[in-house]
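Student: I should like to learn how the features of a protein model are read. Could the tutor guide me through this one?

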Amino acid sequence: MRSTKLRALVLGLGALLALVLAACGSSSTSSQSASATASKFAPPTAPPSSAQKGGTLTVLTAGDVDYIDPGAAYYQFTYMIDNAVNRTLVNWPPDDTTTPKPDLATAEPDVSSDGKTVTFHIRPGIKYSPPLGGGAGWNKPVVAADFKYAIERTLIPGVPNGYQSLYFNDLVGYPQAITAAKKDPTKAPNISGIETPNDTTLVLHLTQASSLGLIQALSLPAGSPVPEGYAAQFDSQNPSTYGEHQIDTGPYHISSYKPGTEIALDRNPNWDPSTDARPAYLDKIVFQEGFSDTASAGKKILTGSDMVNGDFSPEPQTLKLGATQYPNQLTLTPSGGNRFVAFNTTKPPFNDINVRKAVIAASDREALRATRGGPLIGDVATHFLPPGMAGFDEAGGVAGPQGSQYDFVQNPTGDMAVATKYMKAAGFSSGQCEQNCDITMVGDNSPPGSDTAQVVKSQLAKLGFNVTFHPVDHDIMYTKFCSSPANEPNVCPNVGWIKDFNDGQGMIDIPFNGSSINPENNSNWPQLNNTAINDALNKAKLITDPQQRAQEYGQIDDMITAQAPAIPWVWDNQGNISSKDVAVVINQFDANTDVSYTSLTK
């Protein structure tokens, strides 16, 4: 497959070069040709038959993980680590984005006819790794009770989980558990609807038929087992220190963690390959942090050995370099996500829907897309559900929702006449901000995110806003500012959402449901809390008919777009680069390098 792909690239290099050059600054390339070009860099989703064992892979990153604790982890880059060190009841093979496959579960779960009871059967004899930081480990095998505790600990303040309030809230006894956690925040509460009749059986009882989302959510890092007898001592602190002492079940374990500097994964000596589909070729994976000059880091990867990118996407010049000189070292993967500029809808000026619409109308989204590579990285977004997801076509497809109520989002290069109309509707007679025009923005301090932020700043200035921009590391932007409602600025220009699972619920429920607003690790960055949208989302998750479900989520997507909570500007193809001697495998679920399947060729 590799040699066939390479021949196709060589034969089409002239045309490809023209498209790549256009992608790095021109907006003239059509969506069709951009998609065709991106397909030339299709991601390998299986290792080559000649894959070799051994060696150390180095992953270059600009920043750090959000949370090292799997119970709190909610960042695409963090998943790159979690997917190598954790095992969940169900997980995502590199080539499958439809439904997760059994991992620590022996088979697909049994679901009752009313959709309210889910039963998993657990693989026996799975062992835990040595602990991060050294010391005494846990010499007991994984049992069903470890999954029960893993879910329950996400309710305590010390483990600021970003999704339990929507995916686990239908468990019987959840409200009582929330109350118990508030009364004693040092102890994970009992959720009565989670039963473990024996060591290999986990039964989940729901108050309504929301099993579809629950099962898929258990593929997320918080679904990995955590033994109470080991972790409770660390969870009694706020924040929990379990992440600094965690034990793992995957083919690798975190052997050292120096925040902001390095994360090292070694082979898990207690991992049994006969129980796991992952080949785990590499002996060691080292995540080297602090590469804020992502252009230099990208060139280092392309011209060096044993390296891949981590938390940063290649900026435009690196994409151009990879596509024209190192074509077999670049992959473009539809992320199943989007990028958007989030407005804080809870305080002026963006608590006024007309101001939000005006800013979107004035925004040149093609200029925003150019900061990350232009048409090569994907279509300009007109709403939030991405291509390939059920509900995308129902929400208007690439063109987006139509009608006069959506005029503010219909011109990808901006429409100042429409923007002026909405500014006047907000009370600014001149069509520009006239008072209280100072706004704050927190975004990335390195390209391409910092370039995007600067474009957003200039576009806001066109409407008279005075923007104070605070550039910080990408992980800090999330954990300290944009994902912390108490510290959230007016604008977060560098946020985006990749699906929790391949369904409307996993795409738009967390970012736009008022019920998901959390004091920490909050991913509803606009803090949108619209009763009609909340009600529609809470009802849609109960629909089991695929066609009806797609229709409903498409309609909800239209409702969200009409509220103008953010500027949707690209449904992106995730760019990944590797050194020449890396047989990279990309996991299509999260669009990252899957280090459990990747190998070195020398």
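The dialogue below moves from the overall fold to strands, loops and backbone angles.

Student: What kind of model is this, and how are its residues numbered?

Tutor: This is a predicted model, in which local features need pLDDT of at least 70 and side-chain atom pairs count only at pLDDT 80 or more, while totals for chains, interfaces and linings use all residues. Residues are numbered from 1 along each chain as its sequence is written, and side-chain values use heavy atoms, with hydrogens and water left out.

Student: How many helices and strands are there in the protein?

Tutor: Helices (H or I, at least four residues) and strands (E, at least two) are DSSP runs, numbered from the N terminus. The protein has 19 helices and 22 strands. Its radius of gyration is 23 Å, close to the 25 Å that the globule rule gives for 602 residues, so the protein is as compact as a globular protein of that length. That radius is taken over C-alpha atoms, and the rule is 2.2 Å times the number of residues to the power 0.38. The C-alpha trace spans about 70 × 55 × 45 Å along the principal axes.

Student: What share of the residues is buried?

Tutor: Buried means under 20% relative accessible area, exposed over 50%, and partly exposed in between (1.4 Å probe, protein chains only). Of the 602 residues, 60% count as buried. The accessible surface comes to about 21200 Å², with 51% of this belonging to carbon and sulfur atoms; such areas come from the Shrake-Rupley method with a 1.4 Å probe, and for residues only the protein chains shown count as cover.

Student: What percentage of contacts join residues at least 24 apart?

Tutor: A contact means heavy atoms within 4.5 Å. Among contacts between residues at least 6 apart in sequence, 73% join residues at least 24 apart. P131 offers a local case: this proline is found in the loop between β5 (117-121) and α5 (144-152). P131 and E244 are 113 residues apart in sequence, yet 8.6 Å apart in space, C-alpha to C-alpha. Leaving aside residues up to four places away in sequence, P131 touches A136, G137, Y230, H245, Q246 and I247. At 9% relative accessibility, P131 counts as buried.

Student: How should strand pairing be read, and what is the order of the open sheet of four strands?

Tutor: Strands of a sheet pair through backbone hydrogen bonds, either parallel or antiparallel. Two strands pair if DSSP finds at least two bridges between them. The open sheet of four strands has the order β4-β5-β7-β6, with antiparallel pairing. β4 (110-111) and β6 (194-198) stand at the edges, each with a single partner strand, so one side of each is left without a neighbour in the sheet. Within this sheet, β5 and β7 (residues 201-205) pair over five bridges in the antiparallel sense, and T117 stands opposite H205 in β7.

Student: Which strands form a hairpin with three residues between them?

Tutor: β8 and β9 form that hairpin, and G260 in the turn has a positive phi of about 80°. β8 (residues 252-258) and β9 (residues 262-267) pair in the antiparallel sense over six bridges; H253 has D266 in β9 as its bridge partner. β9 also pairs with β10, again in the antiparallel sense, over five bridges, where L265 stands opposite I285 in β10.

Student: Which residues other than glycine have a positive phi, and are they buried or exposed?

Tutor: A280 and Q527 may serve as examples. A280 has a phi near 50° and is placed in the loop between β9 and β10 (284-288); A280 is buried, with a relative accessible area of 0%. Q527 has a phi near 55° and lies in the loop between α17 (504-512) and α18 (531-540). Q527 is also buried, with a relative accessible area of 12%.

Student: Where do cis peptide bonds occur?

Tutor: One joins N238 and P239, with omega about 5°; P239 lies in the loop between α9 (228-235) and β8. Another cis bond runs from P348 to P349, with omega near 0°, and P349 lies in the loop between β13 (337-343) and α12 (353-362).
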